[in-house]
Amino acid sequence: MAEKVGYIHKSYGTTATLFAIVCLLTVATRFYKVEEPDHVCWDETHFGKMASWYINRTFFFDVHPPLGKMLIGLSGYLTGYDGTFAFDKPGDKYENASYVGMRLFCTSLGASVVPMAFLTVNQMTSSPTAALFSSLLILFDVGLITLTQYILLDPILLCFMMGSILGAIKVSYNTADEFSPRWWIWLIFTGTMLACCCSVKFVGLFVVLLVGLITIADLWNILGDLTKPVVDAVKHLCARAICLIALPICLYICFFYIHLTVLNRSGNGDGFYSSAFQSQLIGNSLYNASMPHQVAFGAVITLKNQRAGGGYLHSHFHLYPDGMGARQQQITTYTHKDDNNKWMIKKYNAEELSEGEIVRSGDLVRLEHVATRRNLHSHKEQAPITKKHFQVTGYGENGTGDANDVWRILIKGAKDGTEVTAVTAKLKLVHYLQSCVLTTTGKQLPKWAYEQQEVSCSANLRDAYALWNVEENIYDKLPNVNFEVYAPSFWERFLESHAVMFQGNAGLKPKEGEITSRPWQWPINYRGQFFSGAQYRIYLLGNPVIWWSNLVFIALFLIIFFVNAVKQERGYFKSFSEPNKMKLKACAWLFLGWLLHYVPFWAMGRVLYFHHYFPALLFSSMLTGILMDYILDQFPKLFHEQHTHFVYHTCIGIFLSVVLYSFYLFAPLAYGMNGPSSNEPNSTMHGLKWMETWEF
């Protein structure tokens with residue numbers, strides 16, 4: 001074995017030399033053509049637009065935490081982008097917009113994944129060869145190049161994720177004396193990376209779980225070390241609690257504080273948030289607004305649903321189509337503000353109103369839609385989507401309808417007779433005849449209702465989503481109060497932001513014509529997705545040689561691990577050699593990392609895309625590199641000594657040649673393709689369409 005190690009060092013030089021080669025290749029592959037194409041590609045339309053909003057301090061709604069978008073906005077600001085480009089749709093030319101700085105920033109973070117993978121594997125195995133193999137598998141994957149060259153959250157997420165793993169391994173494998181300054185730096189680095197990872201996307205929680213398991217294993221080993229006092233284990237526990245729990249939580253909260261402080265101007269995402277939240281946004285109709293505190297009969301009001309991300313009670317001149325209950329006027333919820341959200345609150349049995357008479361809990365009311373003069377109505381027809389609920393419609397002419405327009409207004413947690421107030425009072429509207437409660441199901445209606453959300457009447461009077469509040473309250477016969485009295489604290493805004501994000505994540509649906517995928521398709525590289533269409537085509541697809549090899553080596557690892565465990569149990573050998581033990585232990589942790597970043601997606605109900613697999617890919621590629629080195633280590637046992645050297649280097653040569661050649665073949669997917677598509681015989685990519693589902 002010592003001779004074999006000698007082969008490695010003579011053939012590949014020192015670890016530092018290999019690391020330098022990996023870094024140079026990373027720069028060469030990642031920054032090549034980073035400015036091309038010079039138009040908006042794929043989700044740059046979203047994250048470039050959000051960067052603009054940060055620069056302009058315009059509030060918006062997104063399902064992801066803010067750090068990644070803030071960093072993109074900051075990089076754009078520092079490199080001369082002024083926040084004025086529209087980012088309307090993929091294919092729009094950038095023209096004079098300074099987009100390259102944002103691409104370079106994202107590419108730099110994405111590129112850092114490769115050297116960090118080298119350092120991580122080298123630390124776990126003490127094998128420069130395994131580190132080289134692993135980093136090359138990541139380096140020459142064309143899918144990772146594509147995903148990390150654009151204005152996206154993915155390169156930022158992958159950087160912080162790999163940083164978290166590197167830090168955790170550096171601490172776990174005792175690269176520095178315990179509690180020395182260097183040890184503390186690595187522990188703080190790990191906690192910071194964890195905070196950043198979770199602050200970019202919530203899938204960062206998977207790496208938190210992995211680091212948590214590594215930490216628990218470390219603490220257990222420290223506790224079992226009889227050469228150390230128990231107080232050492234307590235000190236380690238406290239250090240990790242501070243750096244890996246308290247520090248990430250504090251940083252995460254700080255990032256949100258900056259986010260909510262910077263975005264202080266009204267934008268198109270206001271309607272997803274509560275009325276009190278909106279009152280803090282400059283330019284919002286509720287900012288520094290004055291209106292009556294109490295709601296009176298005759299007032300024109302808007303009703304906002306209290307569900308996280310809930311919209312305004314809304315109607316328009318269009319009717320429900322045939323087969324969707326009665327062909328009466330549609331009632332929906334809508335997250336944007338317009339005049340179709342306005343309703344006049346009237347007594348149920350009188351057109352003439354007493355001046356300034358306050359609406360109270362328990363009163364019977366009618367709600368007349370101001371724009372169409374039809375009343376809020378329900379009856380024993382099924383709701384369009386939620387068939388267990390009753391349909392809600394607009395009915396009548398010029399405010400005149402029938403008894404099915406009558407609703408009892410109730411304030412949650414208040415006695416009958418309590419005055420209804422704007423913003424703060426949580427209201428229920430119970431249908432007088434059907435004894436059902438006005439609610440929103442959160443389900444998106446089809447195009448005939450402009451994809452707004454369903455409103456229905458539920459027989460469950462405790463429906464959690466049947467709470468509403470009066471937002472606008474227009475009535476000139478009562479004194480006004482300033483909206484500052486409703487101002488929420490930072491903690492209220494922080495918690496509400498998370499409720500809205502979780503609701504938005506759960507309700508994500510694909511856009512028309514959008515290609516989605518399921519988790520079973522990802523590891524086999526079943527189908528990619530276009531980043532750029534038209535003449536200059538970019539197609540996200542993994543290097544199939546690497547991806548399929550990863551699957552083979554995952555299966556090999558399970559077999560090798562099981563066989564070795566049986567052999568050890570049966571007494572064929574007492575223990576693993578130290579190098580083999582380190583490599584199998586590293587493979588076990590990386591296999592667990594792959595599982596944690598892949599298996600949970602099988603249980604998710606939200607829409608999923610191919611790019612969700614790439615965090616798991618990093619773990620499987622590192623596992624493949626280590627296991628390949630482990631198998632090469634066995635050659636002295638399999639071959640005569642004089643042949644070992646030749647076979648060993650031949651295998652390495654084949655590995656490098658295959659990976660390099662596959663990269664050469666599929667590189668146009670990442671760097672741009674011109675000419676006919678692969679379906680046509682005269683295409684340069686025709687022979688590379690190894691699966692019918694590939695669309696390049």
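**Cross-links, contacts and surface of a predicted model**

Both Cys436 and Cys457 lie buried. The model in which they are found is a predicted one, and these two cysteines offer a convenient point of entry. Their sulfur atoms stand 2.0 Å apart and form a disulfide. A disulfide is a covalent bond between the sulfur atoms of two cysteines. The link of Cys436 and Cys457 is right-handed, with 95° about the S-S bond. Distant parts of the chain are joined here: Cys436 belongs to the loop between strand E10 (427-431) and strand E11 (437-444), Cys457 belongs to strand E12 (residues 453-458), and the two are 21 residues apart. A search of the whole structure finds one disulfide.

Other cysteines may be set against this pair. For Cys197, the closest cysteine sulfur is that of Cys198, at 5.8 Å, which is too far for a bond. Cys197 counts as buried, at 1% relative accessibility. Cys651 is likewise in no disulfide, the nearest cysteine sulfur being that of Cys587, 17 Å away. Cys651 is partly exposed, with a relative accessible area of 30%.

The annotation record supplies a context for this part of the chain. In an unreviewed entry, UniProt places the feature "domain: MIR" at residues 292-348, 356-412 and 417-473. The span 356-412 is 0% helix and 44% strand, and its end C-alpha atoms lie 23 Å apart. Residues 417-473 are 0% helix and 44% strand, with end C-alpha atoms 20 Å apart.

Salt bridges form the next set of contacts, and the count comes to 17. Which parts of the chain does the pair of Arg374 and Glu397 tie together? The side chains of Arg374 and Glu397 meet in a salt bridge at 3.6 Å, N to O. Arg374 lies in the loop between strand E6 (364-369) and strand E7 (375-382), and Glu397 lies in the loop between strand E8 (390-395) and strand E9 (407-411), so the pair ties together parts that are 23 residues apart in sequence. Arg374 is partly exposed, with a relative accessible area of 21%.

A further salt bridge connects two helices. Lys583 and Asp633 meet through their side chains at 2.2 Å, N to O. Because Lys583 lies in helix H16 (residues 578-598) and Asp633 in helix H17 (residues 614-633), the pair ties together parts that are 50 residues apart in sequence. Lys583 counts as buried at 4% relative accessibility, and Asp633 counts as buried at 3%. Salt bridges that share partners also join Lys346, Glu368 and Arg373 into one network. Elsewhere, the side chains of Asp62 and Lys69 meet in a salt bridge at 2.8 Å, N to O; Asp62 and Lys69 are both buried.

Aromatic contacts add another set of links, with a count of 53 aromatic pairs. A pair of aromatic rings is described by the distance of the centres and the angle of the planes. For Tyr257 and Phe490 the ring centres are 5.4 Å apart and the planes stand at 70°, so the pair is edge-to-face. This pair links distant parts of the chain, with Tyr257 in helix H12 and Phe490 in helix H14 (residues 490-506), 233 residues apart. Tyr257 is partly exposed, with a relative accessible area of 49%.

Trp548 and Trp690 form an aromatic pair that is tilted, at 6.2 Å centre to centre and with 35° between the planes. Here too the pair links distant parts of the chain: Trp548 is in helix H15 (residues 544-570), Trp690 is in the segment after helix H19 (641-671), and 142 residues separate them. Trp548 counts as partly exposed at 29% relative accessibility, as does Trp690 at 41%.

Helix H12, which holds Tyr257, also contributes to the surface. Trp220, Leu223, Val230, Val231 and Val234 make a nonpolar surface patch of about 530 Å². At least two residues of the nonpolar patch come from each of helix H11 (204-223) and helix H12 (230-262). Helix H12 gives the largest share, three residues. Trp220 has its place in helix H11. Trp220 is exposed, with a relative accessible area of 63%.

How values were computed:
Residues numbered from 1 in each chain as written. Predicted model: local features only at pLDDT ≥ 70, side-chain atom pairs only at ≥ 80, totals over all residues. Heavy atoms only, no water. Salt bridge = Lys/Arg side-chain N within 4 Å of Asp/Glu carboxyl O. Buried < 20%, exposed > 50% of the residue type's maximum accessible area, 1.4 Å probe, protein only. Helix = DSSP H or I, 4+ residues; strand = E, 2+ residues; numbered from the N terminus. Disulfide = S-S within 2.5 Å. Patch = residues over 30% accessible without salt bridge, like charges linked within 9 Å, V, L, I, M, F, W, Y side chains within 5 Å. Areas by Shrake-Rupley, 256 points an atom, 1.4 Å probe, with all protein chains shown as cover. UniProt positions renumbered as here; feature names shortened; annotations may be inferred. Phe/Tyr/Trp six-rings, centres within 6.5 Å; stacked < 30°, edge-to-face > 60°.
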